[in-house]
Structure formats: structure tokens, C-alpha cells
Amino acid sequence: MTLQGKPVSNLHGAYPPPSRRKQMVMRNFGRAALSYDGVADMQNETARELAGSIGALSLDGEAEILEIGCGTGFLGHALASVLPSGRFLFTDISPNMVHQCRVKLAGVLPHAQFAVMDGENLALDRRFDLITGSLSFQWFDNPATTLARLADLLKPKGVLAFATIGADSLGEWRAAVSSLGADFEKIIPTFPSAADLKGVFPEDSLVVREKSQLERYESARKFLGGLKHIGALTTQSGEAVLSSGQLRALLR
């Protein structure tokens with residue numbers, strides 16, 4: 001398979017350079033590739049639940065499957081038992097994450113393909129029975145536009161199935177940041193509501209299920225450390241907007 005004449009394993013340069021925020025996403029997740037699995041329990045559980053939902057779709061055994069934001073391979077590993085004969089293409093914006101996913105799935109899905117690719121800028125020469133992603137779509141710069149594009153890459157009976165972070169997430173952290181003033185609210189990424197997601201698709205074509213899960217941390221410092229170890233410290237603006245003094249005040 002090729003991308004406008006480029007091998008699928010080498011997609012750099014196919015599009016203009018990513019935004020500053022995307023570059024930060026790529027850098028932060030790249031740094032977290034080795035520590036991710038040790039702290040990402042919720043991400044692993046979410047991937048397994050998504051795979052279970054996909055398993056209930058009765059897809060063809062040799063379905064063509066694209067994963068956006070494969071990370072270290074949680075969803076791929078879970079899908080291996082659901083669609084063992086599927087033809088998988090695993091993609092992530094971080095080369096380090098793609099490498100870790102390849103290593104994890106080498107003995108599980110030996111014929112899978114892997115590519116370093118920005119999920120918002122795809123130019124693939126094939127369509128898919130399933131396009132999926134677990135806790136990756138919230139990093140899109142333009143989620144509504146991108147979801148519509150991904151839907152256009154589906155085969156006539158194809159399915160777009162994904163798990164993402166909802167609008168009410170990180171409420172305590174958001175309240176603490178807001179206490180510093182409106183200028184600091186851009187620290188925390190915004191997440192879509194169920195209504196936002198449904199507004200992207202024709203009526204009744206999207207099924208949204210919501211689940212709340214409480215994660216407890218010993219301290220604010222432990223909370224930020226957890227985000228760092230999974231690579232999720234990217235701000236909404238893509239910039240570091242707190243001084244060290246402001247960060248200490250926020251942690252207090």
C-alpha cells in the first residue's frame with residue numbers, strides 16, 4: 001500500500017508540518033512511550049471495553065481495520081482476540097509509540113502494518129471496514145472536520161467506533177486552574193459532549209454511550225506525574241503557560 005507514492009511505513013513529508021500543539025502531543029507521547037503501560041490502567045480498561053463493543057458488531061473476519069493513535073497497542077492487543085484475521089493498519093503520530101505497538105503485537109498480529117501518521121491528515125489509498133481509536137481523538141485540532149473525513153474513508157457498510165474523553169472530565173483540575181483566572185483556562189484541553197459528537201453525524205447514525213470513572217490520587221503532584229507518564233500534559237494552546245511559581249500555587 002502506498003500514500004501518494006510513499007511507502008506506508010514512511011509517511012513523513014506527505015503533509016505540511018503539524019501545528020505547535022500537535023508537535024507537543026508528539027513529543028510528550030514519545031517521551032512517555034516506555035512508561036505508559038505501567039501507569040495507564042484506565043486506558044487499558046477503556047481499550048478492552050471498546051474492543052468488546054466492536055466484537056458485538058459482527059464484522060467480517062478479514063475486515064480491513066485502521067486504528068488512529070495506536071499508542072503502545074492496548075486496543076490492538078484486545079482486538080486480536082475479537083478479529084484475529086483482520087487486516088490491521090496501526091498508526092500514531094509518535095514514532096516511539098508506533099515502535100512500542102509493533103513490539104507488543106509482533107507475536108499476536110504478525111501480519112499487521114504500522115505507520116507514523118497524523119490521524120487528522122490521512123491520504124490513504126484504501127477504504128476500511130472499521131476505523132477505530134481509543135482515547136486518541138481528543139487530541140485532534142479539528143475534531144468535527146476530522147470525524148467527517150474519517151467517515152468518508154469507510155466502506156459502504158463500514159463502522160467508525162471510538163472512545164474519547166468527555167466534556168465533564170478533569171472537573172477538579174479545571175476548577176483549580178479557573179481559580180487562577182480566565183487566562184489560564186487554556187491550560188486544559190476542551191473535550192466534546194455527547195451532543196457535540198452527535199452534531200457531527202446525520203441523525204441516528206451515531207450511538208453514544210457515556211461512562212464515568214473516578215480516579216483517585218494522593219496529591220496534585222501525583223496527578224500531574226500520572227499525566228506526564230502517559231504523555232498527556234499537552235495544553236489546549238500547545239504552549240507552556242504557567243511559571244514555576246504559578247504551578248506551585250496551583251498544586252497547593
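Let's start with Phe137. At 4% relative accessibility, it counts as buried, because the cut-off is under 20%. Keep in mind that this is a predicted model.

What does Phe137 pair with? Phe137 and Phe162 form an aromatic pair. The pair is stacked, with 4.7 Å centre to centre and 25° between the planes. Phe162 is buried as well, at 17% relative accessibility. The two rings link distant parts of the chain. Phe137 sits in the loop between E6 and H6. Phe162 sits in strand E7, residues 154-163. That puts them 25 residues apart.

Now the aromatic pairs in general. The count comes to 8. One of them joins Phe29 and Trp139. Their ring centres are 5.6 Å apart and their planes stand at 80°, so this pair is edge-to-face. Phe29 belongs to helix H1, residues 20-31, and Trp139 to the loop between E6 and helix H6, so the pair ties together parts that are 110 residues apart in sequence. Both Phe29 and Trp139 are buried. Elsewhere, ring pairs connect Phe88, Phe90 and Phe114 into a cluster.

Next, the strands. Take E6. How many of the 7 residues of E6 are buried? The count is 7 of 7, so E6 is largely enclosed by the rest of the structure. E6 has E7 as a partner: 6 bridges join them, and they run parallel. Gly133 stands opposite Phe162 in E7. That is the Phe162 of the stacked pair. E6 also pairs with E3, residues 64-68, through 3 bridges, again parallel. Here Leu66 is opposite Ile131 in E6.

Move on from E3 to E4. 5 bridges join E3 to E4, and these two run parallel. In E4, Phe90 is the bridge partner of Glu67. E4 covers residues 87-92 and is mostly covered, with 5 of its 6 residues buried. Phe90 is also part of the ring cluster I just mentioned.

So much for strands. Now the packing. The largest nonpolar core has 46 residues. Which residues have the most contacts inside it? They are Ile54, Phe88 and Phe90. The largest share of this core comes from helix H4, residues 74-80, with 5 residues. Apart from it lies another core, of 20 residues. Leu66, Leu122, Ile131 and Phe137 are among them. Recall that Leu66 and Ile131 face each other across E3 and E6.

Back to Ile54. Leave out neighbours within four places in sequence. Ile54 is then in contact with Leu59, Leu79, Val82, Leu83, Leu130, Thr132 and Ala161.

Now three single residues. First up is Asp129, in strand E6, residues 128-134. Buried or exposed? Asp129 is buried, with a relative accessible area of 18%. Its side chain reaches the backbone nitrogen of Glu64 at 2.7 Å. Beyond four places in sequence, Asp129 touches Leu59, Ala63, Glu64, Leu154, Lys155, Gly158 and Val159.

Then Thr46, in helix H3, residues 41-55. Thr46 is buried, again at a relative accessible area of 18%. The side chain of Thr46 reaches the backbone oxygen of Met42 at 2.8 Å. Not counting residues up to four places away, Thr46 touches Ser134, Leu135 and Ala163.

Last of the three, Val200. Where is Val200? In the loop between helix H8, 194-198, and helix H9, 220-230. Val200 is partly exposed, with a relative accessible area of 25%. Outside the four-place window, Val200 touches Ala144, Leu147 and Ala148. Take Leu247 as a reference point: it is 47 residues along the chain from Val200, and the C-alpha atoms are separated by 36 Å.

Finally, confidence. The chain has a mean pLDDT of 88. 91% of its residues reach 70 or more. Where is the pLDDT below 50? Over residues 1-14. Beyond near neighbours in sequence, that stretch has 27 contacts in the model.

Technical notes. Residues numbered from 1 in each chain as written. Heavy atoms only, no water. Core = buried A, V, L, I, M, F, W, Y, C linked by side-chain atoms within 4.5 Å. Buried < 20%, exposed > 50% of the residue type's maximum accessible area, 1.4 Å probe, protein only. Helix = DSSP H or I, 4+ residues; strand = E, 2+ residues; numbered from the N terminus. Contact = heavy atoms within 4.5 Å. pLDDT = per-residue confidence, 0-100. Polar contact = N/O pair within 3.5 Å; in protein donor to acceptor, adjacent residues only side chain to side chain. Phe/Tyr/Trp six-rings, centres within 6.5 Å; stacked < 30°, edge-to-face > 60°. Pairing = 2+ DSSP bridges.
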